[in-house]
Amino acid sequence: MATGRTHRPATRSRGIPEATVARLPLYLRALTALSERSVPTVSSEELAAAAGVNSAKLRKDFSYLGSYGTRGVGYDVEYLVYQISRELGLTQDWPVAIVGIGNLGAALANYGGFASRGFRVAALIDADPAMAGTPVAGIAVQHTDDLDRIISDNGVSIGVITTPPGAAQQVCDRLVAAGVTSILNFAPTVLSVPEGVDVRKVDLSIELQILAFHEQRKAGEDASQEGEDPAAPPMRATPASRKGPDGDMPAVMPA
């Protein structure tokens, strides 16, 4: 099986838009679920619904892969799984190094879904000398002093950063200098990388804030339906109705 150091996915050379590339894993996840249920074919409408996109967008995305389905039959599930996996580079072996073996790094190391998707956790790296040699998910943690050698020995081209934000850029620079060309960043900071290095940022707090926005908007819509003004500030008690432990509170409290 080829390794990630000598092969790169063909998506860029084929001119597939980045937005389409971002949706391919969604299609693959839905198709894999169908395959596990031994479903032989699927319509564009069914697959689009399972992936959370509209069917016209799905058909457009698949046209970049050269896959158009059969009218009245749909798409062959197994063939699409292979086709998308190949396009994403998942038919190859991608050695991955995780730097920062705290709670999150250890959780990622223990995640069992990487191997089935073409990724192999090849190395775990941490700056704490006390962590060196400690087994996590069956892999001994190694010290950051040996990062260059670790990356070279394991043929790593994908690095995962799960360090505190203050250490992330330095770790990123060292990974890039060692030959890593793709980085998945979990640290809550923006990384600066040279041209030719791809960075994907995962910020759980941002995702939660976006969900909070939607929750607030839904609450506002419910209030509007009940005749309240969602933009109005919350009602406050008038001075006469505000009670303290010793009775009415004055309208203006002393400084």
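How many of the 255 residues of the protein chain count as buried? The answer is 35%. Keep in mind as you look around that this is a predicted model. The chain holds 8 helices and 11 strands. Contacts across the sequence matter for the picture too: if you take the contacts with a separation of 6 or more, 57% of them come from residues 24 or more positions apart.

Let's start with helix H2, residues 44-51. Its buried residues are Ser44, Leu47, Ala48 and Ala51. They span an arc of only 100° around the axis, and so they sit on the same side of H2. The spacing fits a general rule: an α-helix has 3.6 residues a turn, so residues three or four places apart point the same way. Now turn the helix over. The face pointing away from the buried side carries Glu46, Ala49 and Ala50, which are exposed.

What covers the buried residues of H2? The cover includes helices H1 (18-36), H3 (55-65) and H4 (77-88), along with strands E1 (41-42) and E2 (75-76). Just after H2 comes Gly52, which has a positive phi, near 80°.

Those helices come up again in the nonpolar interior. The largest nonpolar core has 23 residues, and the ones with the most contacts inside it are Tyr27, Leu31, Val42, Leu47, Leu58, Phe62 and Ile84. Leu47 you have already met as one of the buried residues of H2. Helices H1, H2, H3 and H4 each supply at least two residues of this core, and H1 gives the most, with 7 residues. For a closer look, click on Ile84. Setting aside neighbours within four places in sequence, Ile84 is in contact with Leu24, Tyr27, Leu28, Leu31, Phe62 and Leu65. Apart from this core lies another one, of 20 residues, among them Ala123, Ile161, Ala168 and Val180.

Next, the sheet. It is an open sheet of 7 strands in the order E5-E6-E4-E3-E7-E8-E9, and the pairing is mixed. Which strands stand at the edges? They are E5 (135-136) and E9 (198-201); each has a single partner strand, so one side of each is left without a neighbour in the sheet. Strand E8 (residues 182-185) pairs with E9 in the parallel sense over 4 bridges, and Ile183 stands opposite Val199 in E9.

Two helices can be placed against this sheet. Helix H6 (residues 147-154) packs on it, touching strands E3 (94-99), E4 (119-126) and E6 (139-143). The direction of H6 makes about 165° with that of E4. Helix H7 (residues 165-177) lies across E3, E7 (158-161) and E8, and runs at about 170° to E7.

Finally, the charges. Side chains of opposite charge can pair when their charged atoms come close. A search of the whole structure finds 7 salt bridges. One of them joins the side chains of Arg23 and Asp61, at 2.7 Å from N to O. This pair links distant parts of the chain, with Arg23 in helix H1 and Asp61 in helix H3, 38 residues apart. Are these two buried or exposed? Arg23 counts as buried because its relative accessibility is 17%, with the cut-off for buried being under 20%. Asp61 is buried as well, with a relative accessible area of 1%.

A second link to H3 comes from Glu45 and Arg59, whose side chains meet in a salt bridge of 3.6 Å, N to O. Glu45 is in helix H2 and Arg59 in helix H3, 14 residues apart. Here Glu45 is partly exposed, at 47% relative accessible area, and Arg59 is also partly exposed, at 38%.

Elsewhere, Lys218 forms a salt bridge with Glu215, with the closest N and O atoms 2.7 Å apart. Both sit in helix H8 (residues 204-225); they are 3 residues apart, which means about one helical turn separates them. Lys218 is partly exposed, with a relative accessible area of 43%, and Glu215 is partly exposed at 47%. Last on the tour, Asp146, Arg149 and Asp153 are linked in a network of salt bridges.

Note on methods: Residues are numbered from 1 along each chain as its sequence is written. This is a predicted model: local features need pLDDT of at least 70, side-chain atom pairs count only at pLDDT 80 or more; totals for chains, interfaces and linings use all residues. Side-chain values use heavy atoms; hydrogens and water are left out. Buried means under 20% relative accessible area, exposed over 50%, partly exposed in between (1.4 Å probe, protein chains only). The arc is that of the directions from the helix axis to the C-beta atoms. Contact means heavy atoms within 4.5 Å. Two strands pair if DSSP finds at least two bridges between them. Axes are lines fitted to C-alpha atoms, for helices over the stretch in contact, and angles run from 0 to 180 degrees between N-to-C directions. A nonpolar core is a set of buried Ala, Val, Leu, Ile, Met, Phe, Trp, Tyr and Cys residues joined through side-chain atoms within 4.5 Å. A salt bridge is a side-chain nitrogen of Lys or Arg within 4 Å of a carboxyl oxygen of Asp or Glu.
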